[in-house]
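Biologist: I have a structure here that is new to me, and I would like to learn how to read its features one at a time. Could you walk me through them?

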Amino acid sequence: MYHTKGSSSSVLPQIMRISSGLNPACDRNRNRHLHLSQFLTTLAILSLHLTIADGITPPIFSANWSPPSTRHLPSPNVKKHMPPPKSRATSPHGTYQARHPPPHRTSPPTMVKDNNLPPSNMYASPSPHNVPPSPHHSSPSPKQNHHMPRPKHKLPPPHITPTPPPVPFPSPPSPPLPSPPFPSPPQPRPPTPSPPAESPTPQTASAGPPPSQTASNGPPPSQTASAGQINTTAAVDYVPEGSLFEILPQKSEVVAVHLVHLPGTDSYFYMERPSGYHPDGSHNIAGSFDLVTRVWTHLDSPDSLFCAGHTLLSNGSVVIVGGHIANAGWPAGIQHIRTYTPGESSLTLMTTMRYPRWYATATLLPDQQVLIMGGTQGVGAGTANNPYYEIWDPQNPDTTVEFPVNPTYLTDVKQNYYPFNYVLPSGDIFNYCSRIGWIMDPMTGTYKVPLPGRPLSAVSPSTVYVTQYPYTGTSVMLPLLPENNYSTVDIMIMGGQNVLANSNLNLTACSESLRISITMPGVKKPSYDLNGGWVQEFMGSPRVMPDSILLPNGVVILMSGTMEGLAGDSVSGGGSKAYYPNFFAEMYDPYAQVGQRWTTLSRSQIPRQYHSTALLTTNGTILVAGCDRCAQVSTNMTYSPAPVKAEYRQEIFYPPFWYDFQNKAVIQGIFPQIVGYGEQFTVKFTGLMTPNVQVTSAVLVAPGSVTHCFNTNQRVIKLEMYVDPYSNTVTLTTPPSPNIAPPQAYMVFLLNGYTYSKAEWITLMLGL
């Protein structure tokens with residue numbers, strides 16, 4: 001039952017095989033080759049004995065070994081340009097350099113099972129945490145789908161079989177305890193990587209103008225660089241060496257329409273609309289999944305949760321606002337506020353809002369209250385908008401306070417679905433939906449500064465692209481930096497769809513990204529500076545319904561969605577309104593030059609269409625799940641079909657930086673683990689491969705809360721850092737204000753250039 005408020009509740013080299021195609025008439029040649037083969041075999045065995053004598057088990061003798069991931073290239077028929085050798089870029093985190101890139105093998109060595117090896121678990125130790133794919137799940141049977149014939153002019157890149165990631169090296173011994181912290185000036189930032197290779201434009205998208213013309217749609221690069229970026233011309237060559245989608249053997253027991261990372265844990269909270277296809281035959285619509293134990297837990301709910309808004313509270317609980325009408329035996333939840341506290345068996349009904357809300361956004365405010373904005377009063381397009389937004393105080397949970405929404409904004413937006421809301425360092429809110437937005441004060445209802453309108457498309461100037469449902473795009477706020485006193489923020493909007501797609505589902509989705517840099521008011525400038533407005537760039541491919549994940553190093557990973565159609569259900573019911581799933585992930589490097597920031601990465605085997613989700617994990621990989629309209633897939637690429645209409649399979653995506661074991665730090669301890677604002681804490685660390693690894697920066701990362709392509713709690717804050725030169729210890733200073741980092745639990749990541757550690761948790765609290 002659910003609760004009501006107040007209830008208790010060294011690696012062996014690969015042996016080269018000698019060709020068997022020898023001339024039988026030449027015995028001497030054959031004997032020479034045989035002697036050479038015996039010599040190499042003896043040499044390899046001797047090397048193996050020496051390796052084992054040193055106490056190291058060669059990776060190829062692991063039952064779970066597989067060759068390191070190599071670079072995943074796009075289709076041979078699409079030319080991918082490498083960056084010019086002198087092209088360089090700068091990152092506030094320092095330099096990522098693949099000093100030891102994975103070797104490129106043409107065939108894997110023979111696998112020999114070693115039953116004495118412990119089971120691998122990606123989350124259980126401070127090693128690289130890799131879980132090798134199960135032989136029963138890593139090679140799904142491909143399928144060519146012709147259920148829904150589509151025009152033949154769309155030819156996405158062909159199937160690329162992903163290669164499993166390498167087995168982690170053993171963790172090094174812990175170094176001696178450090179001496180007391182000795183503050184030193186911040187280290188000079190080393191040069192950072194040159195821009196990644198230009199991503200291919202699929203045949204489904206118009207070519208558009210070259211990058212140099214694209215950049216002209218916004219201010220020059222010098223005007224768009226974020227403060228904290230030293231320059232844009234120093235660096236070393238940088239090419240991402242690999243990425244991978246791995247299908248987990250464990251399925252979720254509800255569809256991940258809504259996905260939340262539970263603070264302080266490696267567990268995730270799931271919610272769905274009733275699907276009826278649960279792998280275990282259950283009927284719950286909520287549950288949690290632990291990535292360490294791989295255990296699923298069903299949770300009870302008081303009402304219908306589908307299409308709700310949600311975020312995290314300062315105490316670590318999840319707050320869920322609004323939702324759906326009565327459905328499949330579940331009472332209406334469209335006007336309710338509920339919470340879920342990790343460890344409880346059910347959600348708790350807290351109160352009723354003043355207005356019903358379907359597709360609302362919930363945002364944690366600096367004072368621990370929750371801003372509830374948007375959503376319609378009924379289910380579906382055309383129903384009444386909400387003329388008011390509400391603020392809910394967890395300390396006074398029985399009611400909400402309402403404020404009027406700017407009528408002009410509401411009229412222009414038409415349907416205020418899941419607005420892209422961010423808390424700015426000033427304490428105001430960046431509020432954007434469809435094609436327009438404002439900077440506003442949520443505590444007074446004052447709409448202060450209108451945001452620039454969306455610029456004309458560089459691909460098709462006559463096309464009107466929007467980003468709110470059902471033309472769903474995604475958004476992310478890039479890291480906040482102490483170099484500019486956290487006074488400048490950069491916000492991105494990616495993907496979306498043509499407004500005419502409502503009457504023509506064959507239209508190609510938006511293949512452009514937008515980025516705006518906003519400087520907060522200060523002594524020199526008493527008003528907001530929008531720094532020239534939106535800068536427009538080409539992505540690698542078109543997407544509607546994409547998910548965006550902000551990595552600890554500030555790089556954005558874009559994945560999932562489709563290249564045609566819309567979000568939502570087909571008129572016949574139960575089917576998809578979208579075609580041509582976009583199987584490829586893409587990477588956006590915000591520190592590269594304009595027009596050279598997007599790179600295409602590896603592909604998944606699973607179509608992730610309507611109601612798919614993705615979140616960062618504590619080891620810097622990405623959990624990918626969801627899609628409840630996946631029975632009918634229109635594509636000319638091979639893929640692994642869902643066994644039923646809904647998708648319960650889960651994946652882990654490994655970004656390129658995850659493989660840089662040589663330069664990865666390992667956090668050994670944080671003290672204290674609860675801190676206030678403007679306070680210091682220390683982090684002891686070592687290296688994964690060597691104890692002398694360098695740390696160039698550190699960040700706080702908020703746990704994610706995502707649904708319908710928008711992560712309402714995604715936030716990365718770089719910290720001021722002093723390095724103890726006599727021990728592997730860094731002293732970090734928290735941000736000076738909750739406007740920069742609202743009070744809650746955060747993941748702490750240490751970075752060495754673009755390479756980041758596994759995270760440990762810390763709590764940022766008010767009043768300390």
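**Reading the model step by step**

Modeller: Let us begin with one caution, namely that this is a predicted model, and then take the cysteines, where burial and bonding can be read together. At 4% relative accessibility, Cys 630 counts as buried, because the cut-off for that word is under 20%.

Biologist: What is Cys 630 joined to?

Modeller: A disulfide joins Cys 630 to Cys 627, with an S to S distance of 1.6 Å, and the structure holds one disulfide. The partner, Cys 627, is buried as well, since its relative accessibility is 0%.

Biologist: Which hand does the disulfide of Cys 627 and Cys 630 have, and why?

Modeller: The hand is read from the torsion about the S-S bond, which is about 135° for Cys 627 and Cys 630, so this disulfide is right-handed.

Biologist: Are Cys 307 and Cys 709 buried or exposed?

Modeller: Cys 307 has a relative accessible area of 0% and is therefore buried, and Cys 709, with a value of 6%, is buried too.

Biologist: How would I describe the chain as a whole, before going to a single sheet?

Modeller: A count of elements and a figure for burial make a useful start. The protein chain has four helices and 45 strands, and 61% of its 768 residues count as buried. Its accessible surface comes to about 28,700 Å², of which 56% belongs to carbon and sulfur atoms.

Biologist: In what order do the strands β34, β36, β41 and β42 lie in their sheet?

Modeller: A sheet is read by going from each strand to its neighbour, and here the order is β34-β36-β42-β41, in an open sheet of four strands with antiparallel pairing. The edge strands are β34, residues 665–671, and β41, residues 720–724, each of which pairs on one side only. Neighbouring strands of this sheet are turned by 30° against each other on average, with direction ignored.

Biologist: How many bridges hold each pair of neighbours, and which residues stand opposite each other?

Modeller: Starting from one edge, β34 and β36 pair over six bridges in the antiparallel sense, and in this pair Ala 665 stands opposite Gly 687 of β36. Next, β36 and β42 are antiparallel and pair over five bridges, with Thr 682 opposite Thr 731 of β42. At the other edge, five bridges join β41 to β42, residues 729–733, again in the antiparallel sense, and Tyr 722 stands opposite Thr 731 in β42.

Biologist: Why can β36 be called largely enclosed?

Modeller: One counts the buried residues along the strand: in β36, which covers residues 680–687, six of the eight residues are buried, so the strand is largely enclosed by the rest of the structure.

Biologist: Where are the cis peptide bonds that lead into Pro 470 and Pro 672?

Modeller: The omega angle tells us that a peptide bond is cis, and for the bond joining Tyr 469 and Pro 470 omega is about 5°. Pro 470 sits in the loop between β19 (465–466) and β20 (473–477). The bond from Phe 671 to Pro 672 is also cis, with omega near -10°, and Pro 672 belongs to the loop between β34 and β35 (674–675).

Biologist: What should I notice about the phi angles of Ala 328 and Lys 414?

Modeller: In both cases phi is positive in a residue other than glycine, with a value near 50° for Ala 328 and near 75° for Lys 414. Ala 328 lies in the loop between β8 (318–321) and β9 (336–340), and at 57% relative accessibility it counts as exposed. Lys 414 is placed in the loop between α4 (407–413) and β15 (420–423), where its relative accessible area of 59% makes it exposed.

Biologist: Is a loop residue such as Pro 542 buried or exposed?

Modeller: Pro 542 lies in the loop between β24 (535–538) and β25 (547–550), yet it is buried, with a relative accessible area of 0%. Pro 542 and Gly 495 are 47 residues apart in sequence, while their C-alpha atoms are 6.7 Å apart in space.

Biologist: Which residues make the nonpolar surface patch?

Modeller: Ile 674, Met 765 and Leu 768 make this patch of about 280 Å². Leu 768 lies in the segment after β45 (760–764), and it is exposed, with a relative accessible area of 55%.

Terms used:
Residues numbered from 1 in each chain as written. Predicted model: local features only at pLDDT ≥ 70, side-chain atom pairs only at ≥ 80, totals over all residues. Heavy atoms only, no water. Disulfide = S-S within 2.5 Å. Buried < 20%, exposed > 50% of the residue type's maximum accessible area, 1.4 Å probe, protein only. Pairing = 2+ DSSP bridges. Helix = DSSP H or I, 4+ residues; strand = E, 2+ residues; numbered from the N terminus. Axes fitted to C-alpha atoms, helices over the stretch in contact; angles between N-to-C directions. Areas by Shrake-Rupley, 256 points an atom, 1.4 Å probe, with all protein chains shown as cover. Patch = residues over 30% accessible without salt bridge, like charges linked within 9 Å, V, L, I, M, F, W, Y side chains within 5 Å. Salt bridge = Lys/Arg side-chain N within 4 Å of Asp/Glu carboxyl O.
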